[in-house]
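This briefing accompanies the sequence and structure shown below. It is arranged by topic for reference at the bench.

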Amino acid sequence: MSGAPPERDAWGRFIGGRGERTLVELSRADASAIDPEAREAALRQLGVDPGAWIASGTEAEVYGLTDERVLKLYADPGRVGRVEVLRRFYDSLRADGLTFALPRIHDVTPIRGLLAVIERRIEGKPLSELLPDLDAEAALTARERYLDAVTALAEIKSPHGVSQYLLFDESGSSSARAQGWYEFVYRLAEVKIERQRASLEADVVDLSAKQARLRELYLRQRYDGPLSVVHGDFFPGNVLMSDTCRVTGVIDFGSFTMFGNPLYDVSLACVLFDMYGPKRSSVRDELVAVALRKVGAEAEGRLYRYAMAYALISCDLYSGADGLRPDEHYRWAVDLLNTESYWQRME
């Protein structure tokens with residue numbers, strides 16, 4: 001006799017088990033895998049001029065359709081289930097108090113071996129494109145409003161409750177019933193340490209001691225706050241602004257989106273703002289100082305704990321079939337993990 005059908009939540013996701021612990025990690029699509037011939041055929045069938053190209057992100061290529069809609073092309077049509085979950089997630093958001101727009105998905109269609117997704121078009125340009133042309137005063141204004149936007153996201157609560165920490169989790173292994181929020185974040189980091197231990201031990205000073213410290217700090221805590229929407233990839237490329245530095249939208253929720261402590265996003269906003277520039281360390285410190293004025297000085301330790309966890313979680317973000325690549329992102333993660341003052345501030 002068969003058992004009861006799997007339980008699903010409001011977004012159509014399977015609800016995970018009640019006590020099991022399974023390894024879980026974040027994964028993403030790869031826009032570089034789009035076949036040029038498939039792209040040409042898909043655009044032709046959809047009646048989209050290749051000249052309407054707007055941008056190529058990490059996960060998708062973006063084309064303008066109208067003043068109100070854009071087309072996103074993904075390499076893997078097998079992601080249709082995830083995009084449908086994302087569509088229902090966007091539809092569920094109650095963001096009436098926000099002063100900027102959030103995405104909406106209008107249509108999802110597998111086509112020519114690709115996945116075509118039509119989304120709301122939000123005015124503005126990515127802050128990452130605007131920053132190089134801003135004068136000092138405008139740059140400070142942009143930073144302030146950027147941090148205002150990430151703290152405003154904390155006001156978005158799930159209207160249906162949360163059963164899993166990850167938005168995309170087909171296996172249910174991020175079950176909120178089986179583990180606490182802090183344990184879940186530590187486990188994400190632990191998976192990457194074990195997978196990339198050889199490289200990390202070669203590049204990160206006292207990796208084992210740092211792992212033990214991170215484990216102790218995370219597993220001795222209990223998070224009792226509300227599970228808010230966590231964007232998970234909050235950086236200037238996903239924040240749209242007008243020419244007057246007004247935030248017009250926050251885009252590209254999805255592969256890294258979670259439900260948990262909104263300070264996770266605040267931490268990412270600070271450490272991802274300037275990842276590779278010559279003044280990145282001072283910019284990072286300045287942003288943390290401004291962020292703490294907004295969220296309270298008592299949050300300092302948590303911001304640095306989340307930063308270190310994210311450095312580990314994302315260290316192999318751009319790895320391919322040939323394994324970990326010592327690219328800019330990996331070197332950024334190692335630089336963060338080797339900044340001893342941040343480990344001291346984690347307390």
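Which residues form one aromatic cluster? The members are Tyr165, Trp181, Tyr182, Phe184, Tyr218, Tyr223, Tyr264 and Tyr306. The model is predicted, and the points below take up its aromatic pairs, its helices, a hairpin and two individual residues.

**Aromatic pairs**

- The count of aromatic pairs comes to 18.
- One of these is formed by Phe89 and Tyr90, with 5.8 Å centre to centre and 45° between the planes. The pair is classed as tilted because angles under 30 degrees count as stacked and those over 60 as edge-to-face.
- Phe89 has a relative accessible area of 0% and is buried; Tyr90, at 1%, counts as buried.
- Trp181 and Phe184 also form a tilted pair, at 6.0 Å centre to centre and 40° between the planes.
- Trp181 and Phe184 are three residues apart in helix H5 (residues 181-195), which means that about one helical turn separates them. An α-helix has 3.6 residues a turn, so residues three or four places apart point the same way.
- Trp181 is buried, with a relative accessible area of 2%, and Phe184 is buried at 0%.

**Helices H8 and H9**

- Helix H9 covers residues 280-295, 16 residues in total. From its first C-alpha to its last, H9 reaches 22 Å, close to the 22 Å expected at 1.5 Å a residue.
- Val283, Arg284, Leu287, Val288, Val290, Ala291 and Leu292 are the buried residues of H9.
- These buried residues of H9 pack against five helices named here in order: H4 (136-153), H8 (263-271), H10 (300-313), H11 (328-337) and H12.
- Gly296 follows H9 and has a positive phi, near 105°.
- H8 is mostly covered, with nine of its nine residues buried. The buried residues of H8 include Tyr264, Asp265 and Leu268; Tyr264 is also a member of the aromatic cluster.

**Strands S1 and S2**

- Strand S1 (residues 53-56) pairs with strand S2 (residues 61-64) in the antiparallel sense, over three bridges.
- Ser56 has Glu61, in S2, as its bridge partner.
- The connection from S1 to S2 is a hairpin of four residues.

**Asp233 and its contacts**

- Asp233 is placed in the loop between strand S7 (228-230) and strand S8 (239-241).
- Is Asp233 buried or exposed? Asp233 is buried, because its relative accessible area is 19% and the cut-off for buried is under 20%.
- Apart from residues up to four places away in sequence, Asp233 touches Asn238, Phe256, Asp265, Leu268, Leu272 and Tyr310. Of these contacts, Asp265 and Leu268 are among the buried residues of H8.

**Arg345 and its contacts**

- Arg345 is located in helix H12 (residues 340-345).
- Arg345 counts as partly exposed because its relative accessibility is 29%, and partly exposed lies between the 20% and 50% cut-offs.
- Outside its neighbours within four places in sequence, Arg345 is in contact with Asp285, Glu300, Gly301 and Tyr304.
- Between Arg345 and Tyr304 there are 6.7 Å in space, C-alpha to C-alpha, although the two are 41 residues apart in sequence.

How values were computed: Residues are numbered from 1 along each chain as its sequence is written. This is a predicted model: local features need pLDDT of at least 70, side-chain atom pairs count only at pLDDT 80 or more; totals for chains, interfaces and linings use all residues. Side-chain values use heavy atoms; hydrogens and water are left out. Helices (H or I, at least four residues) and strands (E, at least two) are DSSP runs, numbered from the N terminus. Buried means under 20% relative accessible area, exposed over 50%, partly exposed in between (1.4 Å probe, protein chains only). Contact means heavy atoms within 4.5 Å. The expected span of a helix is 1.5 Å times one less than its number of residues. Two strands pair if DSSP finds at least two bridges between them. Rings of Phe, Tyr and Trp (its six-membered ring) pair if their centres lie within 6.5 Å; planes under 30 degrees apart count as stacked, over 60 as edge-to-face and the rest as tilted.
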